[in-house]
Amino acid sequence: MQDAHKNYDITDFHGALLDIISVMNHPLRDENLLKEANVRLDQTLFPLLVTIGRYGPVGVVDLAARLGRDYTTVSRQVKRLETLGLAHKQAGEHDRRVSEVTVTPQGERLLGNIQHARHRLMNQIFSDWPPQEVEALFRLVRKYADGVMEEQPSSPQAGRS
């Protein structure tokens, strides 16, 4: 790794990440996004559906790890998504012993509504930013996320898009 000897003061950066995580994890944020998308969905199922949409087909164990939740809780929540017609669980393509979850066409439509609402809300934040700063932010955050994922010894990379 080039320049691994550098010792950056990450205090402000870490604080900014904690601020972002705090906002992203706040229940009112999800409530506002769902309202903006005109979607009615239990807030506990929302992050689960978004994660399945992003990484699916995804194993239930991997899904639980990505969300920092217990496997049994995620398994119950997946069943609720199945009952709502938003997700489908089946035996894994490469290992039939592993249960994998995908989003159904109905779930895809719902996620599309959420994605459009997210675009509208986030573009409001960037409305007075110069385009080159927005592009640089997106590029650098992706680069940082890729680096963080590579450094994790048990990184859940399977199914990443």
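Helix 5 (residues 71–83) is a good place to start. Its 13 residues should span 18 Å at 1.5 Å a residue, and the end C-alpha atoms of helix 5 are indeed 18 Å apart, which agrees. The expected span here is 1.5 Å times one less than the number of residues. Helices (H or I, at least four residues) and strands (E, at least two) are DSSP runs, numbered from the N terminus. This is a predicted model, in which local features need pLDDT of at least 70 and side-chain atom pairs count only at pLDDT 80 or more, while totals for chains, interfaces and linings use all residues. Residues are numbered from 1 along each chain as its sequence is written, and side-chain values use heavy atoms, with hydrogens and water left out.

Which residues of helix 5 are buried? They are Val74, Ser75, Gln77, Val78 and Leu81, where buried means under 20% relative accessible area, exposed over 50%, and partly exposed in between (1.4 Å probe, protein chains only). These buried residues cover an arc of only 165° around the axis, which puts them on the same side of helix 5; the arc is taken from the directions from the helix axis to the C-beta atoms. Turned away from that buried side is a face with the exposed residues Arg76 and Thr83. The cover over the buried residues includes helix 3, helix 4 (60–67), strand 2 (87–91) and strand 3 (99–103). Just after helix 5 comes Gly85, with a positive phi of about 75°.

Helix 3 (residues 46–55) packs against helix 5 at an angle of about 85°, with the axes 10 Å apart. Axes are lines fitted to C-alpha atoms, for helices over the stretch in contact, and angles run from 0 to 180 degrees between N-to-C directions. The two helices are therefore roughly perpendicular (65 to 115 degrees) to each other. From helix 3, Leu48, Leu49 and Ile52 meet Val74, Gln77, Val78 and Leu81 of helix 5, contact being heavy atoms within 4.5 Å. By class, this contact has six nonpolar, one polar and no charged residues.

A few spots elsewhere deserve a look. Asp30 sits in helix 2 (residues 27–36) and, at 11% relative accessibility, counts as buried. Beyond neighbours within four places in sequence, Asp30 touches Met24, Gln43, Phe46 and Pro47.

Most residues other than glycine have a negative phi, and most peptide bonds are trans. Asn38, in the loop between helix 2 and helix 3, has a positive phi of about 60° although it is not a glycine. A cis peptide bond joins Gly56 and Pro57, with omega about -5°.

Terms used
Angles under 35 degrees count as roughly parallel, over 145 as roughly antiparallel, 65 to 115 as roughly perpendicular and the rest as oblique. Ala, Val, Leu, Ile, Met, Phe, Trp, Tyr, Cys and Pro count as nonpolar, Asp, Glu, Lys and Arg as charged, and the others, Gly among them, as polar.
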